[in-house]
Amino acid sequence: MSVYNLLRDGSVHVVYGSNRYNVKVTPELSFSQTFAEDAYEVKTLHDQTKMFLGTSVTKANPADFSFQVALTQEKDENIVKSLLTDYDTSTGEQLLKKFDLYFVSGESTFKIHDCVITNGDFIMERTKPLTLSVSGQGTKLERVGNASYVDSLSENLVSPSSTRTPVKALLDVEVGGSDVTNLVSTTLSVQNNIDWTPYETLHESLSVTNASNAMYPSTYSLKDRVVSGNIVQYTGNNNSTTAQSFNTNTSVAVKTIDQNSTFFNANLSGCMFTKRLNVAEVFTQTFDYRLVTSPANLGTIITY
């Protein structure tokens, strides 16, 4: 009887350093990798019948992945936030932390080697759980074994909390030290823009016969980082005079409150924003903001 891989039976494991984390994700999960094809003409002057292009496949594109986690009171998902925001201090360079990612289904274990998170969105909507949606890339995707393979890994399995308590986003937002009144919603995104180092050589391409010895990406450089988002507020008699404005050097603080204390806190000093009016049945204003200073450690100003 055939056994299939079902998303609902899956689990995600993050291996960073000497530790393994069984990360609880939502059904918003995907991963894939494609191979790059080079097509070429085979028609010649002496043979005009060869209408179809020939092909050569010698290298793979970077593997892609994405998943979403709920940020809980127990903070078991802090490893995901750390991989998004923090530098790898062991390299002596401004590089992101690299990790291995395992996707375990009822039949197989798939692994993506040497992953980095390139984008993270903190989703803060009223009455809904606070979540972090991330996406990124790695060097190679492969099936490494059956469903029990992950249990044989040598890394230490970090014990998860016995409970999981999602946090609803009670928002508290400040711009320039003043509360944003009539608040509707807010977003916060972190983008890590990377370039994969060219990895295709003529010598290696000649020896490629299948996926096992194809050329895979190996190293990357971090071009720049972008921390940005927007803040939407209703337009009323207490804020209509500030419509259509901008500021090139101010602070933005995005917080969520849980049990009368700060749970999530993005304390961004040195931001720019432009403010625009949105005309609908109920008028609103939107701050589009971006961090323009360069903090030494992004993980210390975005905490939870």
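A residue counts as buried when its relative accessible area is under 20%, as exposed when it is over 50%, and as partly exposed in between. Keep these cut-offs in mind for the views below, which all come from a predicted model.

**View 1. Asp114 in strand 8, a non-glycine residue with positive phi.** Here we look at the backbone of Asp114, whose phi is positive, at about 50°, although the residue is not a glycine. Asp114 belongs to strand 8. Its relative accessible area is 31%, so Asp114 is partly exposed.

**View 2. Asn260 in a loop, with positive phi as well.** Asn260 is not a glycine either, yet its phi is positive, at about 65°. You will find Asn260 in the loop that runs between strand 16 (246-258) and strand 17. Because its relative accessible area is 79%, Asn260 counts as exposed.

**View 3. The surroundings of Asn265 in strand 17.** Strand 17 spans residues 261-278 and includes Asn265. Have a look at Lys255: it is 10 residues away from Asn265 along the chain, and the C-alpha atoms of the two are separated by 4.5 Å. Leaving aside residues up to four places away in sequence, Asn265 touches Val254 and Lys255, and also Ile301, Ile302 and Thr303.

**View 4. Aromatic pairs, with Phe31 and Phe103 stacked.** The model contains 9 aromatic pairs. In the pair shown here, the ring centres of Phe31 and Phe103 are 4.0 Å apart and the planes meet at 10°, so the two rings are stacked. Phe31 sits in strand 3 (residues 30-32) and Phe103 in strand 7 (residues 99-104), so this pair ties together parts that are 72 residues apart in sequence. With 29% relative accessibility, Phe31 is partly exposed, whereas Phe103, at 3%, is buried.

**View 5. A tilted pair, Phe122 and Phe264.** The centres of these rings lie 4.9 Å apart with an angle of 45° between the planes, so Phe122 and Phe264 form a tilted pair. Phe122 comes from strand 8 (residues 108-124) and Phe264 from strand 17, so to speak a link between distant parts of the chain, 142 residues apart. Both Phe122 and Phe264 are buried.

**View 6. The aromatic cluster of Phe31, Phe103 and Phe110.** Widening the frame around the stacked rings brings in a third partner. Phe110 joins Phe31 and Phe103 in one aromatic cluster.

**View 7. Charged ends over tyrosine rings.** Two side-chain arrangements are worth a visit here. The charged end of Arg225 sits over the ring of Tyr87, 4.9 Å from the ring centre. Lys75 places its charged end over the ring of Tyr304, 5.7 Å from the centre of that ring.

**View 8. The largest pocket and its lining.** This pocket has a volume of about 300 Å³. Its lining is made of 16 residues, and those nearest the centre are Tyr87, Arg225, Thr293, Ser294 and Pro295. Tyr87 and Arg225 are also the partners in the ring-and-charge arrangement of the previous view. Strand 15 (residues 220-234) gives the largest share of the lining, 6 residues. By type, the lining holds 9 nonpolar, 4 polar and 3 charged residues.

**View 9. The second largest pocket.** About 200 Å³ of space lies in this pocket. It is lined by 13 residues, and Tyr21, Asn22, Asp76, Glu77 and Pro160 are the closest to its centre. Strand 2 (19-23) and helix 1 (78-85) each supply at least two of the lining residues, with strand 2 giving the most, 3 residues. The lining of the second largest pocket divides into 5 nonpolar, 4 polar and 4 charged residues.

**View 10. Helix 1 and its burial.** Of the 8 residues in helix 1, 7 are buried, so the helix is largely enclosed by the rest of the structure. The buried residues are Ile79, Val80, Lys81, Ser82, Leu83, Leu84 and Thr85.

**View 11. The whole protein, for orientation.** To place the close-ups, here is the full chain, with 2 helices and 19 strands. Its C-alpha atoms fill a box of roughly 80 × 55 × 45 Å along the principal axes. Of the 304 residues, 41% are buried. Among contacts between residues at least 6 apart in sequence, 71% join residues at least 24 apart.

Terms used:
Residues are numbered from 1 along each chain as its sequence is written. This is a predicted model: local features need pLDDT of at least 70, side-chain atom pairs count only at pLDDT 80 or more; totals for chains, interfaces and linings use all residues. Side-chain values use heavy atoms; hydrogens and water are left out. On a 1 Å grid over the protein atoms alone, a cavity is a set of points where a 1.4 Å probe fits but cannot get out, and a pocket is an open set with protein on both sides within 12 Å along at least five of seven lines; lining residues have an atom within 4 Å of a point. Grid points are joined across faces, edges and corners, and a volume is the space filled by probe spheres set on the points. Helices (H or I, at least four residues) and strands (E, at least two) are DSSP runs, numbered from the N terminus. Ala, Val, Leu, Ile, Met, Phe, Trp, Tyr, Cys and Pro count as nonpolar, Asp, Glu, Lys and Arg as charged, and the others, Gly among them, as polar. Buried means under 20% relative accessible area, exposed over 50%, partly exposed in between (1.4 Å probe, protein chains only). Contact means heavy atoms within 4.5 Å. Rings of Phe, Tyr and Trp (its six-membered ring) pair if their centres lie within 6.5 Å; planes under 30 degrees apart count as stacked, over 60 as edge-to-face and the rest as tilted. A charge sits over a ring if NZ of Lys or CZ of Arg is within 6 Å of the ring centre and within 35 degrees of the ring normal.
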